[in-house]
Amino acid sequence: MSKVILVTGAGRGLGTNIVHEALAAGHQVVATGRRPEEVEKSLGGPQDNLLVTRLDVTSLEDAEAAAQAAVDRFGHIDVLVNNAGNFFAGYFEEITPAQMRRQIETNLFGPMNVTRAVLPVLRKQRAGHIITLSSSAGLIGQEFCVAYAASKFGVEGWMESLRYDVEPYGIRTTVVEPGFFRTELLVDASTTWPEPTIDDYAERTIATVAAWKNMNGRQTGDPAKLARALLAIADQDEPLLRFVAGADAIEGVEAKARELLAQAQASRELGGNLAYDDTTA
């Protein structure tokens with residue numbers, strides 16, 4: 001069945017793949033980005049089932065305008081794909097407070113802004129689906145990723161809780177945790193690389209930046225396949241609440257689950273009986 005799908009960050013990377021696959025499947029698509037002329041160019045120009053509109057996800061006003069444009073053009077919105085994001089790499093002490101705030105502003109408050117703008121439409125319809133791109137780094141802390149992981153761990157908690165807020169109105173949620181895909185996240189337009197400023201970190205910073213840049217374009221995950229999988233989830237009557245995407249992500253999540261269970265068992269003796277006991281007062 002044809003759906004109206006609003007995609008953020010549609011000008012490059014996975015966002016472009018999602019739009020291409022959605023149009024090919026017969027959906028109507030609202031493709032958004034900070035520079036709509038570049039978005040339209042990346043998608044091959046104007047198309048009957050495509051609306052391209054400006055959206056900087058850090059602006060609630062932009063988000064509200066994009067949601068209204070979608071309704072004006074197509075009458076409703078069925079699926080929101082919160083895809084836009086960026087990456088501030090580096091060790092915690094070398095990431096400035098301003099950079100940390102910018103990371104969270106884009107990756108956490110950004111999808112919150114767009115979702116806040118779209119939810120009134122979905123509630124009125126008593127139907128809809130919110131898909132938000134997190135990352136395996138939203139479940140598993142990683143070296144050199146403190147800012148990114150902080151933003152994506154926030155996405156995980158927000159989306160997991162949002163489910164309960166909106167489920168009574170026929171609105172479904174899915175949070176997506178990809179591993180390494182060729183999504184252009186590691187290109188300079190998406191990633192802010194750190195400058196070595198602290199001697200203790202300098203050697204590790206230089207080596208890690210080189211390794212990550214060398215990885216770009218060689219990631220094992222195919223973004224076109226990921227895009228098709230997201231559209232398949234959007235077609236499910238009871239969509240997945242959580243989609244761990246890619247063999248590397250699944251392996252990492254399984255290891256994290258085993259670690260959490262082991263920590264829970266180790267905590268049982270120390271923390272399993274901490275209820276207040278008034279007989280000892």
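Is Trp212 buried or exposed? I began with this residue and worked outwards. The model is a predicted one, and I keep that in mind throughout. Trp212 has a relative accessibility of 13%. Buried means under 20%, so I entered Trp212 as buried.

**Entry 1: the partner of Trp212.** I looked for a ring beside Trp212 and found Phe144, with which Trp212 forms an aromatic pair. I read 6.4 Å from centre to centre and 55° between the planes, and the pair is tilted. I then placed both residues in the chain. Phe144 sits in the loop between strand S6 (128-133) and helix H5 (146-166), and Trp212 is in helix H6. They are 68 residues apart, and the pair links distant parts of the chain. Phe144 has a relative accessible area of 2%, so I noted this residue as buried too.

**Entry 2: other rings.** I counted 6 aromatic pairs. The next one I looked up was Tyr91 with Tyr201. Why is this pair called stacked? The ring centres are 5.3 Å apart and the planes stand at 20°; planes under 30 degrees apart count as stacked, so the label fits. Tyr91 belongs to the loop between strand S5 (87-88) and helix H4 (97-125), whereas Tyr201 belongs to helix H6 (residues 199-215). The separation is 110 residues, and this pair also links distant parts of the chain. I found Tyr91 and Tyr201 buried. One aromatic cluster takes in Phe87, Tyr91, Phe144, Tyr148, Phe180, Tyr201 and Trp212, and I have marked its residues together.

**Entry 3: the sheet.** I turned to the strands next. The chain has 8 helices and 9 strands. I traced an open sheet of 7 strands, with parallel pairing, in the order S3-S2-S1-S4-S6-S7-S9. Which strands form the edges? They are strand S3 (50-54) and strand S9 (242-245), each of which pairs on one side only. I noted an average twist of 15° from one strand to the next.

**Entry 4: strand S4.** I checked the faces of S4 (residues 79-82), and both are covered. Val79 and Val81 point to one side, Leu80 and Asn82 to the other, and I found all of them buried. I then went through the neighbours of S4. Strand S1 (residues 4-7) is joined to S4 by 3 bridges, and the two run parallel. S6 is joined to S4 by 4 bridges, again in parallel. For the register I wrote down that Val79 in S4 stands opposite Ile5 and also opposite His129 in S6. Val81 stands opposite Ile131 in S6.

**Entry 5: helix H5 over the sheet.** I followed H5 and saw that this helix lies across S4, S6, strand S7 (171-178) and S9. Its direction is at about 160° to S7.

**Entry 6: the whole chain.** How many residues of the chain count as buried, as a percentage? I entered 47% of the 281 residues. A compact globule with 281 residues would have a radius of gyration near 19 Å; I noted 20 Å for the chain, so the two agree. The C-alpha trace spans about 65 × 55 × 35 Å along its principal axes. Among contacts between residues at least 6 apart in sequence, I found that 70% join residues at least 24 apart. The exposed area of the chain is about 14,500 Å², of which carbon and sulfur atoms supply 51%.

How values were computed: Residues are numbered from 1 along each chain as its sequence is written. This is a predicted model: local features need pLDDT of at least 70, side-chain atom pairs count only at pLDDT 80 or more; totals for chains, interfaces and linings use all residues. Side-chain values use heavy atoms; hydrogens and water are left out. Rings of Phe, Tyr and Trp (its six-membered ring) pair if their centres lie within 6.5 Å; planes under 30 degrees apart count as stacked, over 60 as edge-to-face and the rest as tilted. Buried means under 20% relative accessible area, exposed over 50%, partly exposed in between (1.4 Å probe, protein chains only). Two strands pair if DSSP finds at least two bridges between them. The radius of gyration is taken over C-alpha atoms; the globule rule is 2.2 Å times the number of residues to the power 0.38. Contact means heavy atoms within 4.5 Å. Accessible areas come from the Shrake-Rupley method with a 1.4 Å probe; for residues, only the protein chains shown count as cover. Axes are lines fitted to C-alpha atoms, for helices over the stretch in contact, and angles run from 0 to 180 degrees between N-to-C directions.
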